[in-house]
Amino acid sequence: MDQSAIPNALHFETNPGGLARAVISTPLAEAEIYLQGAHVTQWTPKGKKPVLFMSSASALGPGKAIRGGIPIIFPWFGPRSDGKAGPAHGYARTSLWTLESTRLSTSGEVELTFALPAGEAPGAHLRVSFGEALRMELEVRNDSASPFRFEDAFHSYFAVAEIGEVSVTGLEETTYIDKTDSFARKLHHAEPVRCTRETDQLHLNTAATCVVHDPVWNRRIVVEKTGSNSTVVWNPWSEKAAAMSDMGRDEWRQMICVESANAADNAITLAPGATHTLTATIRLV
Ligand code: TA6
């Protein structure tokens, strides 16, 4: 992979768990992305605090889901629902993706493209650009002769100072599935989403940009998306987090997931030969 390195911008290394990762360091940002799962685990715009949460207890070894960063969820969201065996949130996040290209843009962003080989389902391509903004594009092409139904998501873990002080705007007047209340369907009215206990909400039929407001760190994380009709807001809170071996003690207080997705009612069905692209652009304001 060293042939894909970019002097003074991008190099490759292997972590102690044996996973290959790209390490980006430019005047615009510091970042890391693993080839397993094409998983972004760090993006820190120059002079800012890290934007993504990473659990201090996360596994970082072959075949193990990483707790934090931006897991790529594909080809299903949550538990597999077709009666076959498979990991929660699909196999893309623990599969080895192929690095296809790297480049330094004229404006100083480092761009990488990855491919997930086709297997039981069509493959996928991911394009990631690290700069003052983080841009991600997940493209799925149905090369089979029959329709392909799938779910996908950027399961983004954002770093916050204290979950109790955080609010999320952009989901006003949306219907959501409340996974903490027997998957009941509820209407979220015209106020920000706040977490005061375990929160696990799949907001449907919304293409809106969301903003994570963090008054303690005096910042706002803007999550703009295209090709996504679902947004998930999740925080496990204390009890669920205590049962997660890969979540550092009390670290649930320093994270919130705001996920750009296509899930449940918003699952995608691709006709043979058709392509679908999910994008997310994340920036600090
Ligand atoms: O996206 C929310 C959610 O589906 C929660 O229900 C919880 O299961 C969480 O994802 C798990 O995230 P993880 O990164 O462990 O797959």
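Colleague: Which residue in strand 18 stands opposite Val 168?
Modeller: Val 212 does. This is a predicted model, where local features need pLDDT of at least 70 and side-chain atom pairs pLDDT 80 or more, while totals for chains, interfaces and linings use all residues. Numbering starts from 1 along each chain as its sequence is written, and side-chain values use heavy atoms, without hydrogens and water.

Colleague: How do you know that strand 13 and strand 18 pair?
Modeller: Strands are DSSP runs of E, at least two residues long, numbered from the N terminus. Two of them pair if DSSP finds at least two bridges between them. Strand 13 (residues 167-169) and strand 18 (residues 210-214) share 3 bridges in the antiparallel sense, so they count as paired.

Colleague: What makes strand 6 and strand 16 edges?
Modeller: The open sheet has 9 strands in the order 6-7-8-9-23-19-18-13-16, with antiparallel pairing. Strand 6 (98-104) and strand 16 (193-194) each have a single partner strand, so one side of each lacks a neighbour in the sheet.

Colleague: Why is the approach of Asp 200 to the ligand called a polar contact?
Modeller: The term means a pair of N or O atoms within 3.5 Å. A ligand oxygen lies 2.5 Å from an N or O atom in the side chain of Asp 200, so the pair qualifies. Tyr 157 also has such an atom at 2.5 Å from a ligand oxygen, and Lys 179 has one at 3.2 Å. The protein covers 80% of the 390 Å² of accessible area that the ligand has on its own (Shrake-Rupley method, 1.4 Å probe).

Colleague: What makes the shell around the ligand 4 nonpolar, 2 polar and 5 charged?
Modeller: Shell residues have a heavy atom within 4 Å of the ligand; among them are Phe 77, His 89 and Glu 259. Phe counts as nonpolar, Glu as charged, and His falls among the others, which are polar.

Colleague: What is noteworthy about the backbone at His 89?
Modeller: His 89 has a positive phi of about 70 degrees although it is not a glycine, and it belongs to the loop between strand 5 and strand 6. Pro 75 has its place in that loop too, joined to Phe 74 by a cis peptide bond with omega about 0 degrees.

Key
Helix = DSSP H or I, 4+ residues; strand = E, 2+ residues; numbered from the N terminus. Polar contact = N/O pair within 3.5 Å; in protein donor to acceptor, adjacent residues only side chain to side chain.
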